[in-house]
Amino acid sequence: MMIGDFNTGSVYMWTYILVLVCFAVSMIASARVRSTYRKFDGVESTNRMTAEQAVAKVLQYYGITDVQIQHIEGELTDNFNPKTKIISLSDSTFGHSSIAAIGVACHEAGHAAQHAQGYVPIKLRNAVIPVCNIGSAMGIPIAILGVILNTVNLVYIGLLLYAFITLFQLITLPVELDASHRALKVIRETGMLTANEQHGARSVLSAAAMTYVVAAATALANLLRFAVIFLGNSRRSN
């Protein structure tokens with residue numbers, strides 16, 4: 001699409017560069033997660049506790065009795081499903097007693113604790129998911145339709161729907177950071193890992209947290225880029 005004027009074009013160029021930078025940083029952050037995990041996956045915990053035993057310990061700490069633990073295929077595909085109340089541990093985590101596996105497993109148990117205690121940000125994230133799905137599928141098409149029909153209100157509606165993707169990423173960040181905080185708190189207070197081992201688990205979770213920071217920044221950059229494109233074209237049409 002053509003941009004309305006030189007200034008808008010300049011802004012678009014910089015927003016596009018920003019998106020590319022975010023993408024590159026995202027690749028670096030993902031690579032760092034894998035390398036950090038591999039590093040500490042090679043270090044067995046002193047007490048030889050497995051990841052699933054660590055999860056059980058976190059659940060016990062928070063008084064959670066209705067969450068199950070299962071094994072799923074994949075590498076670092078660990079997750080907690082609040083609907084089924086199941087913590088799924090991947091091939092790279094289940095049955096492992098490494099510092100990395102325990103850190104990741106306890107992080108997922110941290111999500112279970114958030115749901116059990118009614119953690120507000122995770123409630124907000126769940127609330128925006130339906131609109132986020134609509135925005136992901138319909139936001140940009142509606143904005144394009146608004147440009148074609150020269151209807152700026154449609155452009156605003158499309159951008160607003162797409163903005164929920166950014167909102168979701170922004171809410172996800174504190175949710176993930178809090179889950180790691182809960183995990184490390186239990187690890188520390190129960191003596192699950194030694195002080196040096198705790199440092200390793202923290203390194204793994206910190207590397208993972210950076211991917212969420214970059215995801216939020218990328219979502220913001222994309223929202224700005226689309227706003228410049230579609231609002232610029234709307235002004236030009238008028």
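I began with Glu176 and its burial in this predicted model. Its relative accessible area is 8%, so I recorded Glu176 as buried, the limit being under 20%. I located Glu176 in helix α5, which spans residues 152-190. I then listed its contacts, leaving aside neighbours within four places in sequence: they are His107, His111, Arg125 and Tyr212.

I turned next to the packing of α2 and α3. I noted that helix α2 (residues 51-61) and helix α3 (residues 99-116) pack at an angle of about 35°, and that their axes lie 8 Å apart. The crossing of α2 past α3 is right-handed. From α2, I found Ala51, Ala54, Val55, Val58 and Leu59 in the contact; α3 contributes Ala101, Ile102, Ala105, Cys106, Ala109 and Ala112.

I looked up backbone phi values. Most residues other than glycine have a negative phi. Arg48, not a glycine, has a positive phi of about 60°. I placed Arg48 in the loop between α1 and α2 and entered it as exposed, at 54% relative accessibility. Leu76 also has a positive phi, near 55°. I found Leu76 in the loop between β1 (68-71) and β2 (79-81); at 30% relative accessibility, I entered Leu76 as partly exposed.

I closed with a surface patch. I noted that Met13, Trp14, Ile17, Val21 and Val25 form a nonpolar patch on the surface, and that together they have about 460 Å² of accessible area. I checked Trp14 separately: this residue lies in helix α1 (residues 6-41). Its relative accessible area is 57%, so I recorded Trp14 as exposed, the limit being over 50%.

Key: Residues numbered from 1 in each chain as written. Predicted model: local features only at pLDDT ≥ 70, side-chain atom pairs only at ≥ 80, totals over all residues. Heavy atoms only, no water. Patch = residues over 30% accessible without salt bridge, like charges linked within 9 Å, V, L, I, M, F, W, Y side chains within 5 Å. Areas by Shrake-Rupley, 256 points an atom, 1.4 Å probe, with all protein chains shown as cover. Salt bridge = Lys/Arg side-chain N within 4 Å of Asp/Glu carboxyl O. Helix = DSSP H or I, 4+ residues; strand = E, 2+ residues; numbered from the N terminus. Buried < 20%, exposed > 50% of the residue type's maximum accessible area, 1.4 Å probe, protein only. Axes fitted to C-alpha atoms, helices over the stretch in contact; angles between N-to-C directions. Left-handed = near helix turned anticlockwise from the far one by under 90°. Contact = heavy atoms within 4.5 Å.
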